[in-house]
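Here are a few short exercises to work through with the model open beside you. Try each task before reading its solution.

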Amino acid sequence: MQLQTVLDEIQKRPGTGDTIPVFDPSTEEQITEFKDCGPEAVNDAVARARESFESGVWHGLPASERAKVLWRVGELIDENADVLAKLESLNAGMTPTQAQGTVTVSAEFFRYYAGWCSKIEGIAADVHTGGLTGIDSHQHAYTLKEPYGVVGLIFPWNGPIFNFCAKLAPSLAAGCSSVVKPAEETPLTALVLDRILTEAGVPDGVANLLLGYGHTAGAAITAHPDVEKVAFTGSTEVGREIVHAAGASNLKKVTLELGGKSPVVVFDDADLKSAIPMAAFGTFIHSGQACVCGSRIFVQRSVFDRFVEGLANIANTLPQGGPTEEGVIIGPLISQKQLNRVLGYLDQGKSDGVEFVTGGHRRDRKGYFVHPTVVTNVATTSRLFQEEIFGPVVSVIPFDDEDEAVALANDTTYGLAATAWTSNLGRAHRIAKRLKAGTVGLNCQMQFDHSMPFGGYKQSGWGYESGKAGLETYLQTKIVWAQL
């Protein structure tokens, strides 16, 4: 598909709800629009998914056949990488380099989970037990891993194609049928992926794309009694709403990948030549619109001033702009709404007496750009310290010893990711155990591999994505007892 074809096609999709505009965040210009699909479209999509699952048209295929289809999806994503990357840049504000890398990683989800299709297995044992009756007997017991059935996949605007593939690939590998809803701000790559799925051989009704608002289409998916599981990535606030809706309908299972306020701990023996640029990359990438961004940095007091100066220098020299501008490293925020949110936090910080080392303002240009911002003198009770901003804003706070660093790092309701920088190997592994986060980087940051599980502690989520754990998210276990 060509880029303009996608922009035209989305306007033709049927819908009964409000018209939803789609913007280029680097110019603030509307590039297309579409209709909210409406409640009947959700009902129809769930019915198609249910029919496809009950018929066994997908989960009834031999595992090797499902694997071939998933592998082909990955190949077709690669073949369409150029248009997919351009759409991610245009719609989500990613730099071309980031968008291209994201597309490559997304394609690999399907190849990785293609390999798992033939490895879904349970356990078996011959058991000599009295069981609950107390009567001595012999049984053969085994477990079956079975797909949940119809699952709802709902994901945000900060990584549209990545989140689409991270959820759909393991769902398909497990044998589920699905309804898929991208964020209303960033629906464009989903249209290309929808075509790719059909071309690769995913049967009709197995993956059903829905476009609409979260409070309309997303809420209808979550509350639908024929949806047996929901996998959601987004804010903790919306995650709570999904839990309530899922419990009120049919007590459906829920996987949540939610917010973060990730700490970075820098000791005075750290290699600052690596730690400073990596910390800058880890907080300012995608204008801070990533759940794992290290938005709270704790630096041992003896190297604090040097670290802050180096971080501020990078913040002041990072090329910022739209996808067609040369040499750009970070792009804009996604929308006017997000811009207002970030500026609101900055205004609050100014009122609280926070010291702005650099940044703290909107760029004087078109687009939703905020200058990368470094702040110090931040109270641990403040909103800047405690709440997820989702913008290019980082608080830097000094500490004296390891215990204080750990206490500061863990002083949050979130627990998605954390990083520690130190040349002391024993301290590094000791800190890794003490930090309350689902992912901990030791002298590295923003690492990812399809084989490793990803999930959060505390209010950063339930369950895991990626790796074997990401597949098991879409499988339920049945235990079978046979009398011998």
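**Exercise 1. Find which arginine lies over the face of Phe267, and describe the ring's other contact.**

Step 1. In this predicted model, the residue over the face of Phe267 is Arg427, at 4.1 Å from the ring centre.

Step 2. Now turn to the aromatic partner, Phe399: the two ring centres are 5.3 Å apart and the planes stand at 80°. Planes over 60 degrees apart count as edge-to-face, so Phe267 and Phe399 make an edge-to-face pair.

Step 3. Place both residues along the chain. Phe267 sits in the loop between strand 10 (263–266) and helix 10 (272–284), while Phe399 belongs to strand 14 (residues 393–399). With these positions 132 residues apart, the pair links distant parts of the chain.

Step 4. Check the surroundings: both Phe267 and Phe399 are buried.

**Exercise 2. Classify the pair formed by Phe109 and Phe448, and work out which parts of the chain the pair ties together.**

Step 1. Begin with the count: the structure holds eight aromatic pairs. In the one between Phe109 and Phe448, the centres are 5.9 Å apart and the planes make an angle of 55°. An angle that is neither under 30 nor over 60 degrees counts as tilted, so this pair is tilted.

Step 2. Locate the partners. Phe109 is part of helix 5 (residues 96–114), and Phe448 is in the loop between strand 17 (439–442) and strand 18 (457–458). The pair therefore ties together parts that are 339 residues apart in sequence.

Step 3. Compare accessibility. Buried means under 20% relative accessible area, so Phe109, at 0%, counts as buried. Phe448, at 37%, is partly exposed.

Step 4. Look for a further member: Phe162 joins Phe109 and Phe448 in one aromatic cluster.

**Exercise 3. Describe the lining of the second largest pocket: which residues lie nearest its centre, and which elements contribute?**

Step 1. Start with the volume of this pocket, which is about 220 Å³.

Step 2. Of the 13 lining residues, Pro21, Phe23, Glu184, Glu185 and Ser335 lie nearest the centre.

Step 3. Strand 1 (19–24) and helix 12 (336–351) are the elements that give two or more residues to this lining. Strand 1 supplies the largest share, four residues.

Step 4. Sort the lining by character: seven residues are nonpolar, three are polar and three are charged.

Step 5. Finish with the domains. Domain 1 (3–258 + 460–483) and domain 2 (263–442) each provide at least three residues of the lining.

Technical notes:
Residues numbered from 1 in each chain as written. Predicted model: local features only at pLDDT ≥ 70, side-chain atom pairs only at ≥ 80, totals over all residues. Heavy atoms only, no water. Phe/Tyr/Trp six-rings, centres within 6.5 Å; stacked < 30°, edge-to-face > 60°. Buried < 20%, exposed > 50% of the residue type's maximum accessible area, 1.4 Å probe, protein only. Lys NZ or Arg CZ within 6 Å of the ring centre and 35° of its normal. 1 Å grid on protein atoms, 1.4 Å probe; cavity = no way out; pocket = protein on both sides within 12 Å on 5 of 7 lines; lining within 4 Å. Points joined across faces, edges and corners; volume = space filled by probe spheres on them. Nonpolar A, V, L, I, M, F, W, Y, C, P; charged D, E, K, R; others polar. Domains from an automatic or database assignment.
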